Each structure stands twice: as structure tokens, then as C-alpha cells.
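Welcome, and please take a moment to look over the model below. We will begin inside the protein and then move to the nucleic acid.

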There are 2 protein chains.
Amino acid sequence: MTAPTDHKLIYYIKKWVKNISEDDEKLILSAFEPITVKKKKDLLEPDETCKYIYFVIKGCLRSYYVDAKGIEHIYQIRLDNSWISDLESFFSQRPSKYYLETLEDSQLLRVSYERLEQLYDEVPKLERYFRILFQKAYINALERLNATMWESAVDRYNDMLKEHGDIFQRVPLVYIASYLGITPESLSRIRKKH
Amino acid sequence: MTAPTDHKLIYYIKKWVKNISEDDEKLILSAFEPITVKKKKDLLEPDETCKYIYFVIKGCLRSYYVDAKGIEHIYQIRLDNSWISDLESFFSQRPSKYYLETLEDSQLLRVSYERLEQLYDEVPKLERYFRILFQKAYINALERLNATMWESAVDRYNDMLKEHGDIFQRVPLVYIASYLGITPESLSRIRKKH
DNA sequence: TCGCACACTTGACCTATGTTAAGAAATGAA
DNA sequence: TTCATTTCTTAACATAGGTCAAGTGTGCGA
């Protein structure tokens with residue numbers, strides 16, 4: 001492990017919260033457990049309670065659920081330097097409806113529900129970081145909702161290409177289609193008309 | 001004003017954060033300014049920076065934007081005991097794209113950006129409350145996104161009737177249609193087939 | 001290096017919802 | 001009470017995107 005201040009997680013926290021002390025950094029890092037997960041492994045399955053929230057050091061994950069007809073619906077795709085979990089299950093500590101799966105071999109940091117709750121008391125600055133993180137996540141989710149309601153599939157595809165072009169390099173189009181809220185066939189037709 | 005502990009705002013904060021001291025309560029209440037706003041008044045217009053976040057004591061508000069064709073798209077409708085703002089503009093302190101409008105005569109509490117930032121330092125428990133609030137808002141937004149992508153308009157209408165039936169008593173159907181992501185004509189057809 | 005999943009494309013047809021336009025019903029100000 | 005405005009409904013027609021079914025590649029494990 002690199003020196004705390006050079007650590008990726010700390011770097012991203014400091015982007016949003018200033019004046020984190022050395023002690024805080026150490027405390028934070030000690031609470032997170034690094035894990036390595038092979039491609040196509042489930043970190044969470046329906047009916048399990050989501051025990052961890054994950055920071056992606058390197059890799060790629062998706063979260064999705066399977067509807068009554070057996071169709072997968074993807075609601076998150078995450079690459080390096082982002083957070084993933086099923087927050088609904090994590091924060092309520094009740095069974096999840098979702099799968100959480102690696103799409104590539106991934107290096108992750110995870111923190112358990114109990115440890116994070118403690119950590120909020122020990123390092124209030126971390127709670128600030130999460131307040132800001134959820135705030136931004138909420139704003140993004142509303143933007144995505146807006147686009148899904150009121151923009152055409154073509155526009156949503158172009159927006160995604162522009163803002164998350166890297167995902168197209170690493171994730172099969174079937175998953176991207178589902179994330180965009182359309183069928184793979186529709187995505188294929190959109191791409192044909194460049 | 002009633003005694004702090006009886007105050008609606010404090011009541012809702014205590015629902016999620018325990019052990020708020022009397023002093024904290026007083027500090028919180030002193031930071032929020034009560035205002036009364038007549039029906040059909042704008043609290044925010046596009047290109048203004050959103051200065052406040054509002055707690056609705058009593059009343060009804062919507063937030064919406066107007067697209068290039070001049071069509072209004074509603075993304076939030078809020079009744080008593082909930083929060084409303086344009087968080088994107090509020091937290092970045094940059095110009096908004098949205099309108100924020102009262103749909104009924106309303107009693108609100110508002111806190112400014114600067115005061116809230118101070119208050120987070122003075123009352124860390126309040127920052128915890130907002131962390132939890134945004135967390136829940138984010139989870140809700142994802143649920144709504146999911147429904148918009150993968151459920152029919154009929155199902156979304158029924159879900160809304162079940163979970164926010166009170167809105168139908170107080171808000172014109174045009175607004176509800178927009179909130180559901182459909183046209184008023186479609187909503188009318190859905191309602192005809194009860 | 002073979003073969004078989006998996007990923008992606010294509011085409012014919014279908015359906016939910018949008019669009020346009022008109023009118024009916026409800027509300028509220030004079 | 002009346003008229004104007006806002007809200008809601010209805011109908012005919014249009015269309016984006018879904019569904020079903022049949023392909024064509026293509027990469028990886030044996």
C-alpha cells in the first residue's frame with residue numbers, strides 16, 4: 001500500500017473535503033479492506049443483505065435486477081474511481097433486489113455498514129464527504145431521469161458517448177442498451193445511422 | 001412559534017438523527033427563516049442562482065424547466081413536510097435551469113447556502129441528517145428512473161396513486177402527467193380505463 | 001485450431017404513447 | 001349569475017422503439 005496521502009481513495013475524498021488530518025486519513029484507510037475480484041463474479045445477489053459499500057480502484061462493475069419475465073435491467077455501470085453498492089439494502093440493512101457483478105477483474109476497497117457508521121462518528125469529515133457524494137449522485141440521477149423521460153434514445157446515446165465514452169471501450173453493448181433504457185436491437189439501429 | 005421540540009422541522013430531523021441537544025435545536029431553528037408565499041409565485045427562475053433550500057411546512061410546490069419547444073417538464077412536486085430546492089444550482093452556487101413555483105399558498109422555512117455551510121460546522125448532527133436525506137432522495141430517484149425506463153405509463157400511474165394519492169387531490173392532472181413523463185392526453189386515456 | 005458461446009446486426013411487423021385539433025366541464029373573477 | 005379561462009377529455013392519425021426471428025461475426029477454452 002502507498003503512503004496514505006498518495007492513496008487514490010484519499011485523493012478523491014480530498015477533492016471535495018478540505019483539511020483532512022493525517023490521523024483521519026489513517027483511520028479511513030484502516031477501515032477499508034482491499035479486495036480483488038475476478039471478472040463475472042457476484043458481490044451481491046437478490047435476497048442477500050448488502051453488507052458493503054465499494055470503492056472501485058480499478059475495474060468495472062454493474063448493478064442490475066431481473067424482472068418477472070427474466071429480463072435484466074441495468075441501473076448502474078461503474079469504472080475506476082467511483083463508488084458502487086445497493087444503497088437501498090445497505091442503509092436499511094434489509095434484503096436486496098439487485099445483483100452486483102464485476103465485468104472485469106477488479107481491485108476494490110470495501111467498508112461494512114457497521115464500520116462506516118462508527119467511522120462517521122470518528123471522522124465527521126468523512127460524513128461530509130458522503131453527504132456531498134450523495135448530493136451529487138442525487139442530482140445525476142435526476143438528470144438521467146429527465147433525459148429518459150424527455151429525450152430520444154438517439155440523444156441519450158450521444159450524450160453517453162460524449163460523457164462516458166470510455167464505457168463503450170470496456171462494456172458490451174447489450175449492457176449499455178439496458179443502461180440507456182432501450183433494447184440491444186434499438187441501440188444497434190441507432191449506431192448504424194452513426 | 002411553538003417550543004423548539006414541538007417544531008415540525010425538528011420533529012422530522014429527529015426521525016432520522018437521534019440525540020439532538022436543545023442547543024442544537026435552537027441553533028437550527030434560528031438559522032431557518034419562516035416565509036409565507038402566495039399561490040403561483042416563483043421562488044426561482046432560470047438564470048438565477050438558487051440561494052435557498054426550502055422546507056415545506058404547509059403548501060405545495062413544483063420545480064420544472066421549459067425546453068426549446070416551450071414545453072414545461074416537471075421533475076418535482078412537493079407537499080407538506082418535505083424539502084425542495086434546485087440542488088444543482090444551490091450547491092454549485094451557479095445559475096439554475098429551473099423554475100421553482102408554489103401551486104398553493106405556502107408556509108416555508110428557508111436557509112441560505114452560506115448559513116447552511118456554517119451550520120454544518122456548528123451542528124454536525126444536521127450534516128448527518130442531510131447525508132441521510134440525500135441518500136434517500138438518491139435511492140428514490142433511482143427507483144423513479146427504473147419505473148420510467150421499464151414500467152408502462154399505466155403502472156406508473158397506479159404506483160403514484162397508491163404512494164402519493166394526496167397529490168391527486170391538490171395538483172392539476174397536467175402537472176401530474178408531466179411528472180409521470182407522459183402527455184395529459186395519455187393520462188386522461190389511462191384514467192378512463194380506471 | 002476447432003467449435004461453440006457470446007456479441008452484435010438486420011428485417012418485418014406491432015404497440016404504446018405522442019401529436020394535433022376540437023370541444024366539454026369546471027373554476028373563479030366581475 | 002355570467003363569461004372567460006383553465007382543466008380535462010376524446011378521436012384520428014403518426015411514430016419511436018419494442019418484439020420476434022433469423023442471421024453473421026468473433027474470441028476463448030478444450
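In this predicted model, Phe130(B) is in contact with Arg131(A), Ile53(B), Trp83(B), Leu116(B) and Tyr120(B), once its neighbours within four places in sequence are set aside. Phe130(B) also belongs to the largest nonpolar core, a set of 101 residues in which Phe130(A) and Phe130(B) touch the most other members. A second, separate core holds 20 residues, including Tyr175(A), Ile176(A), Leu180(A) and Leu187(A). In soluble globular proteins, nonpolar side chains tend to be buried together.

Now to DNA strand C. There are 15 residues around this strand, and those that come nearest are Leu173(A), Lys192(A), Ala153(B), Glu185(B) and Ser186(B). By type, the residues of this surface divide into 5 nonpolar, 5 polar and 5 charged.

Which helices supply at least two residues each to the surface near DNA strand C? They are helix 7 (173–180) and helix 8 (184–192) of chain A, along with helix 8 (184–192) of chain B. Helix 8 of chain A gives the most, with 4 residues.

On the DNA side, 62% of the strand C atoms within 4 Å of the protein belong to sugar or phosphate, and the rest to bases. Three atom pairs fill in the picture:

| Residue and its atom | Atom of DNA strand C | Distance |
|---|---|---|
| Leu173(A), backbone N or O | phosphate oxygen | 2.5 Å |
| Val174(A), backbone N or O | phosphate oxygen | 3.4 Å |
| Glu185(B), side-chain N or O | base oxygen | 3.4 Å |

Leu173(A) thus appears both among the residues nearest the strand and in a backbone pairing with a phosphate oxygen, while Glu185(B), also among the nearest, has its side chain paired with a base oxygen.

Note on methods:
Residues are numbered from 1 along each chain as its sequence is written. Chains are lettered from A and ligands numbered from 1 in the order in which they are written. This is a predicted model: local features need pLDDT of at least 70, side-chain atom pairs count only at pLDDT 80 or more; totals for chains, interfaces and linings use all residues. Side-chain values use heavy atoms; hydrogens and water are left out. A residue is near a molecule or strand if one of its heavy atoms lies within 4 Å of it. A polar contact is a pair of N or O atoms within 3.5 Å; within protein, one must be able to donate a hydrogen and the other to accept it, and residues adjacent in sequence count only if both atoms are side-chain atoms. Ala, Val, Leu, Ile, Met, Phe, Trp, Tyr, Cys and Pro count as nonpolar, Asp, Glu, Lys and Arg as charged, and the others, Gly among them, as polar. A nonpolar core is a set of buried Ala, Val, Leu, Ile, Met, Phe, Trp, Tyr and Cys residues joined through side-chain atoms within 4.5 Å. Buried means under 20% relative accessible area, exposed over 50%, partly exposed in between (1.4 Å probe, protein chains only). Contact means heavy atoms within 4.5 Å.
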